[in-house]
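Let's take a walk through a protein chain together. Have a look at the picture below, and then we'll go through it bit by bit.

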Amino acid sequence: AINARKVKDVSDLLTAYNQTGSADLIVKLVRNQAELEISILTAAYIITEAGPTQAAFSKLVVPSSPSGTIAASRSTNNAPLNSLLDGRLEDGYGPVFGNNAYLGTYRIDLGSTKTVNSVTNWTANHNGNRGPQNVTIYASTSKNDPGWDLTNRSRFTPIGTIDTTMVKPETFNAASIRAKPGQSLGRYRWIYWQTNPVTNKGENTAFQELAVESSPAR
């Protein structure tokens with residue numbers, strides 16, 4: 001159980017976790033035939049929202065201005081890469097990585113080191129299978145372009161992973177990693193979204209918008 005809500009499968013687990021918001025997690029489990037209760041004081045949490053139109057979003061509203069400048073680790077298909085920062089959700093593929101393209105990565109350069117409060121992604125469930133997300137967020141404080149080798153821990157810090165592949169998607173879907181009130185995810189200049197295919201055919205998520213909520217570092 002999570003915060004007194006029973007869970008019986010992965011879908012229940014994700015639903016319960018998403019509904020905790022910024023509250024601490026109280027996890028009840030059975031280990032070695034003994035019931036345990038564990039408190040997890042999370043520094044970050046994930047929230048999700050979905051709807052039939054862009055106007056339906058009330059918690060995770062698409063920002064009207066871009067967070068920075070965008071780049072990708074490899075070529076993308078369909079929409080221009082800058083459409084990920086245009087403030088609009090379209091029922092299309094967006095600038096999608098090709099089928100069976102693993103570890104395709106988007107990146108936003110914030111322009112300077114800033115205090116990052118949240119990282120949010122919006123997707124379209126185009127053709128009924130491109131809405132789920134399987135993405136790990138990384139960040140870097142490098143003054144110069146840190147490149148794309150996210151395994152280099154001297155340059156990159158993993159922020160967290162979003163996996164909504166067990167959640168039934170709607171027309172548009174959003175997921176956000178957020179810091180608790182009064183806290184932050186850290187101070188960074190570069191934010192990376194490393195993605196993986198989400199269907200058994202190796203098809204990638206149709207990302208529509210990417211955003212970083214930040215404030216100037218003190």
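## Contacts across the chain

Of the contacts in the chain with a separation of 6 or more, what share comes from residues 24 or more positions apart? The answer is 73%. Keep in mind that this is a predicted model, and that the numbers here are computed from it.

## The overall build

What is the chain made of? You'll find one helix and 12 strands. Starting from the N terminus, the order is α-β-β-β-β-β-β-β-β-β-β-β-β. The radius of gyration is 17 Å, close to the 17 Å that the globule rule gives for 218 residues, so the chain is as compact as a globular protein of that length. If you lay the C-alpha trace along its principal axes, it spans about 50 × 45 × 35 Å.

## Inside, outside and charge

Now for what is hidden and what shows. Buried residues make up 45% of the 218 residues. The chain exposes about 11,000 Å², and 47% of that comes from carbon and sulfur atoms. As for charge, there are 21 positive side chains and 17 negative ones, with the centres of the two sets 5 Å apart.

## A hairpin to look at

Find strand β1, residues 25-31, and strand β2, residues 34-40: the two pair in the antiparallel sense over seven bridges. Within this pairing, V27 of the chain stands opposite I38 in β2.

The hairpin has two residues between its strands. N32 lies in that loop between β1 and β2, and its phi is positive, about 55°, although N32 is not a glycine. Is N32 buried or exposed? Its relative accessible area is 74%, and the cut-off for exposed is over 50%, so N32 is exposed.

N100 is another residue to check for its phi: the value is near 65°, again positive in a residue other than glycine. You'll see N100 in the loop between β6 (95-96) and β7 (104-124).

## Around the end of β3

A50 sits in strand β3, while P52 is in the loop between β3 (44-51) and β4 (69-72). How do they compare with the cut-offs? P52 has 52% relative accessibility, and exposed means over 50%, so P52 counts as exposed. A50 has 34%, which falls between the 20% and 50% limits, so A50 counts as partly exposed.

Which residues do they touch, leaving out those up to four places away in sequence? For P52 the answer is E170, T171 and F172. For A50 it is F57, E170, F172 and N173. Put the two lists side by side, and you can pick out E170 and F172 in the one for P52 and in the one for A50.

Other parts of the chain are a long way off in space. The C-alpha atoms of P52 and N144 are separated by 40 Å, with their positions 92 residues apart along the chain. For A50 and R155, which are 105 residues apart along the chain, the C-alpha separation is 34 Å.

## A buried tryptophan

Finally, go to W193 in strand β11, residues 186-195. Its relative accessibility is 0%, and buried means under 20%, so W193 counts as buried. W193 and A139 are 54 residues apart in sequence, yet their C-alpha atoms are 9.0 Å apart in space.

Notes. Residues numbered from 1 in each chain as written. Predicted model: local features only at pLDDT ≥ 70, side-chain atom pairs only at ≥ 80, totals over all residues. Heavy atoms only, no water. Helix = DSSP H or I, 4+ residues; strand = E, 2+ residues; numbered from the N terminus. Buried < 20%, exposed > 50% of the residue type's maximum accessible area, 1.4 Å probe, protein only. Contact = heavy atoms within 4.5 Å. Rg over C-alpha atoms; globule rule 2.2 N^0.38 Å. Areas by Shrake-Rupley, 256 points an atom, 1.4 Å probe, with all protein chains shown as cover. Lys, Arg positive; Asp, Glu negative; His and termini not counted. Charge placed at Lys NZ, Arg CZ, Asp CG, Glu CD. Pairing = 2+ DSSP bridges.
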